[in-house]
Amino acid sequence: MNLKLAVVGAPQAGKTLFCINFAEFLGAKNLCYTEEGPLGRGKGVVAPPQARRLMVHLGTRSNGVMRSFSVNLLGDRLRRIVLFDTVSLKEKNPLPRSERKKLLSTLKALMEADAVLYLIDLACTDPAVHNFTLEAGQHLVNYCLSRNKMFVALGSKCDLLPVKGSLAVDSIFPGGKLIPVSSFTRHGFQQLREQFTAPELRPAESRGANFHF
């Protein structure tokens with residue numbers, strides 16, 4: 001069984017590190033990846049530590065790059081998990097022409113994905129970015145509801161918060177659901193994994209099947 005997850009968020013939300021570390025948490029020893037960006041297209045296989053060195057830090061390899069990480073996991077049967085590390089959503093209005101093509105790649109990933117994981121930077125203190133994050137999140141919720149896709153809101157960088165839950169960003173999502181996660185400590189990763197076994201979060205064509213990793 002295949003499962004495609006689109007990881008979406010504003011700049012600096014921690015999407016790339018999350019993708020790599022969550023795949024590693026699921027048991028991946030190697031990551032098959034494809035990427036497309038300003039420097040062209042590429043693909044390869046890397047171990048998670050190498051992926052962190054090459055892809056996480058800011059620079060030309062991370063600026064506007066759309067990636068997908070494919071992970072084969074052994075369980076009762078072979079399962080393939082694909083994590084779409086999408087290009088960051090920008091709060092500029094109108095969006096510059098140079099950013100529109102990047103946004104198109106993110107929209108394509110949203111259409112192809114079975115589920116959307118929306119990363120919200122809990123450590124962000126910029127009111128403009130925070131308001132944009134909430135507004136974009138509501139659009140994503142509406143889109144997922146209209147397409148009957150799974151949607152999970154993740155509060156990233158929760159390890160940087162002095163007080164857990166100090167930002168009430170989860171209030172705009174259905175049921176007020178938000179999972180605090182940390183890519184460094186792996187906090188919340190197990191809870192996220194368990195989300196994919198909940199019947200109400202499965203896409204219509206997959207209901208009745210279990211997304212056990």
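How many aromatic pairs does the count come to? In this predicted model, the count comes to 6 aromatic pairs. One of them joins Phe 22 and Phe 25, whose ring centres lie 6.2 Å apart with planes at 15°, so that the pair is stacked. Both residues belong to helix H1, which covers residues 15–25, and because they are 3 residues apart they are separated by about one helical turn. In an α-helix there are 3.6 residues a turn, so residues three or four places apart point the same way. The burial of the two partners can be stated separately: Phe 22 counts as buried, at 0% relative accessibility, whereas Phe 25, at 27%, counts as partly exposed. A further pair is formed by Tyr 118 and Phe 151, with ring centres 6.4 Å apart and planes at 40°, so this pair is tilted. Tyr 118 lies in strand E6 and Phe 151 in strand E7 (residues 150–156), so the pair ties together parts that are 33 residues apart in sequence. Tyr 118 counts as buried at 1% relative accessibility, and Phe 151 counts as buried at 14%.

Phe 22 and Phe 25 also belong to one aromatic cluster together with Phe 18 and Phe 189. Phe 18 reappears in the description of the largest nonpolar core, which holds 32 residues and in which Phe 18, Leu 31, Leu 117, Leu 154 and Leu 192 touch the most other members. Helix H1 supplies the largest share of this core, namely 5 residues. When neighbours within four places in sequence are left aside, Phe 18 is in contact with Val 7, Leu 117, Leu 119, Leu 154, Ser 183, Phe 189 and Leu 192. A second core, separate from the one just described, comprises 21 residues and includes Leu 110, Tyr 118, Ile 120 and Ala 153.

At the level of the whole protein chain, there are 5 helices and 8 strands, and these follow the pattern β-α-β-β-α-β-β-α-β-α-β-β-α when read along the sequence. The protein chain has 213 residues, of which buried residues make up 46%. Among its contacts between residues at least 6 apart in sequence, 66% join residues at least 24 apart. The area exposed by the protein chain is about 11100 Å², and carbon and sulfur atoms supply 54% of it.

Helix H4, formed by the 21 residues from 127–147, was examined for its length and its ends. At 1.5 Å a residue, H4 should span 30 Å, and its end C-alpha atoms are 30 Å apart, which agrees with that expectation. The N-terminal end of H4 is capped by Asp 126, a side-chain oxygen of which lies 2.9 Å from the backbone nitrogen of Ala 128, while just after the helix Asn 148 takes a positive phi of about 55°. The buried residues of H4 are Val 129, Phe 132, Thr 133, Ala 136, Gly 137, Leu 140, Val 141 and Cys 144.

Individual positions in other elements were considered in turn. Asp 121 is found in strand E6, which covers residues 115–121, and with a relative accessible area of 17% it is buried, because the limit for that class is under 20%. Its side chain makes a polar contact with the side chain of Lys 157, at 3.2 Å. Not counting residues up to four places away in sequence, Asp 121 touches Gln 12, Ala 13, Ser 156 and Lys 157. Thr 106, located in helix H3 (residues 97–112), counts as buried at 1% relative accessibility. With neighbours within four places in sequence left aside, Thr 106 is in contact with Thr 86, Val 87 and Leu 89. Gln 50, by contrast, is partly exposed, with a relative accessible area of 32%, and lies in helix H2, which covers residues 48–56. The C-alpha atoms of Gln 50 and Leu 31 are separated by 9.8 Å, the two residues being 19 residues apart along the chain.

Notes. Residues numbered from 1 in each chain as written. Predicted model: local features only at pLDDT ≥ 70, side-chain atom pairs only at ≥ 80, totals over all residues. Heavy atoms only, no water. Helix = DSSP H or I, 4+ residues; strand = E, 2+ residues; numbered from the N terminus. Buried < 20%, exposed > 50% of the residue type's maximum accessible area, 1.4 Å probe, protein only. Polar contact = N/O pair within 3.5 Å; in protein donor to acceptor, adjacent residues only side chain to side chain. Contact = heavy atoms within 4.5 Å. Phe/Tyr/Trp six-rings, centres within 6.5 Å; stacked < 30°, edge-to-face > 60°. Core = buried A, V, L, I, M, F, W, Y, C linked by side-chain atoms within 4.5 Å. Areas by Shrake-Rupley, 256 points an atom, 1.4 Å probe, with all protein chains shown as cover. Expected span 1.5 Å × (residues − 1).
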